[in-house]
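User: I'd like to go through the labels on this one and hear what backs each of them up. Where shall we begin?

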Amino acid sequence: MYVKDAMSTVILTIGPAHTLRQAAQLMAARRVGAAVVLDSDNSGIGILTERDILNSLGAGENPDRETAQSHTTPDVVFATPEWTLDDAAEAMARGGFRHLIVLDGGEPVGVVSVRDLLRVQVACAASQ
């Protein structure tokens, strides 16, 4: 199976100027653990995860003043729809993260999470 078979194609995208509170509210409303940060002026495509927000709050930072740009995960690993699910799981395990942005032609087309990988694995096991 491939990333395209497991990824969510409905992705939450935010801008770099969104505050962490705004990002958290949008993520909670969509019930997702990550937002794709689109910053065409600077860094391009990044990711803000629930862990990034948690780390900021834990450090005592103000979620109404801190922006997504300041907390976007550096060195993002991107997948393609043609990666195998094993490739995605290996990249997540090696990098210690739970979400991969899926790019096709340089554009974000989905996000695959550990939850997505588990869902597919359970469905495959149930069908056998």
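Analyst: Let's start just past helix α2, which is followed by Arg31, a residue with a positive phi, near 60°. Keep in mind that this is a predicted model, where local features need pLDDT of at least 70 and side-chain atom pairs count only at pLDDT 80 or more, while totals for chains, interfaces and linings use all residues. Residues are numbered from 1 along each chain as its sequence is written, and side-chain values use heavy atoms, with hydrogens and water left out.

User: What makes α2 a helix by the rules here?

Analyst: Helices are DSSP runs of H or I with at least four residues, strands are E runs of at least two, and both are numbered from the N terminus. α2 covers residues 20-30.

User: Which residues of α2 are buried, and how do you know they share a side?

Analyst: They're Leu20, Ala23 and Met27. Together they cover an arc of only 60° around the axis, which puts them on the same side of α2; the arc is taken from the directions from the helix axis to the C-beta atoms. "Buried" means under 20% relative accessible area, "exposed" over 50% and "partly exposed" in between, using a 1.4 Å probe and protein chains only. Ala28 and Ala29 are exposed, on the face turned away from the buried side.

User: What do the buried residues of α2 pack against?

Analyst: Quite a list: β1 (13-14), β2 (34-39), β3 (44-49), α3 (50-58) and α4 (68-71). Contact here means heavy atoms within 4.5 Å.

User: How do you know that β1 and β2 count as paired?

Analyst: Pairing takes at least two DSSP bridges between two strands. β1 and β2, which run parallel, have 2, so they qualify. Thr13 has Val36 in β2 as its bridge partner. The chain goes from β1 through α2 to β2, and that β-α-β crossover is right-handed: with the strands pointing away from the viewer, the path from the first strand over the helix to the second runs clockwise.

User: And how does β2 run relative to β3, parallel or antiparallel?

Analyst: Antiparallel, with 6 bridges joining them. Val37 is paired there with Gly46 in β3. β2 is also mostly covered, with 5 of its 6 residues buried.

User: Asp39 sits in β2. Why is it said to have no salt bridge?

Analyst: A salt bridge needs a side-chain nitrogen of Lys or Arg within 4 Å of a carboxyl oxygen of Asp or Glu. For the buried Asp39, the nearest side chain of opposite charge is Arg30, 19 Å away, so the cut-off isn't met. (Lys and Arg count as positive, Asp and Glu as negative; His and the chain ends aren't counted.) Not counting residues up to four places away in sequence, Asp39 touches Pro16, Gly44 and Gln69.

User: How many salt bridges does the whole structure have?

Analyst: The search finds 4. One of them joins Arg98 and Glu50, with the closest N and O atoms 2.9 Å apart. Arg98 is in the loop between α5 (85-95) and β5 while Glu50 is in helix α3, so the pair ties together parts 48 residues apart in sequence.

User: Why are Arg98 and Glu50 called partly exposed?

Analyst: Arg98 has 35% relative accessibility and Glu50 has 38%, so both fall in the in-between band.

User: What about Glu90 and Arg94: what makes that pair a salt bridge?

Analyst: Their closest N and O atoms are 3.0 Å apart, so the pair meets the distance rule. They sit 4 residues apart in helix α5, about one helical turn. Glu90, at 49%, counts as partly exposed, whereas Arg94, at 61%, counts as exposed.

User: And is Asp116, the partner of Arg119, buried or exposed?

Analyst: Buried, since its relative accessible area is 12%. Arg119 is partly exposed at 46%. Their side chains meet at 3.5 Å, N to O, and both lie in helix α6 (residues 114-127), 3 residues apart.

User: Last one: what makes β4 and β6 edge strands?

Analyst: Each pairs on one side only. The open sheet of 3 strands has the order β4-β5-β6, with mixed pairing. β5 (residues 99-104) runs antiparallel to β6, joined by 6 bridges, and Val102 stands opposite Gly110.
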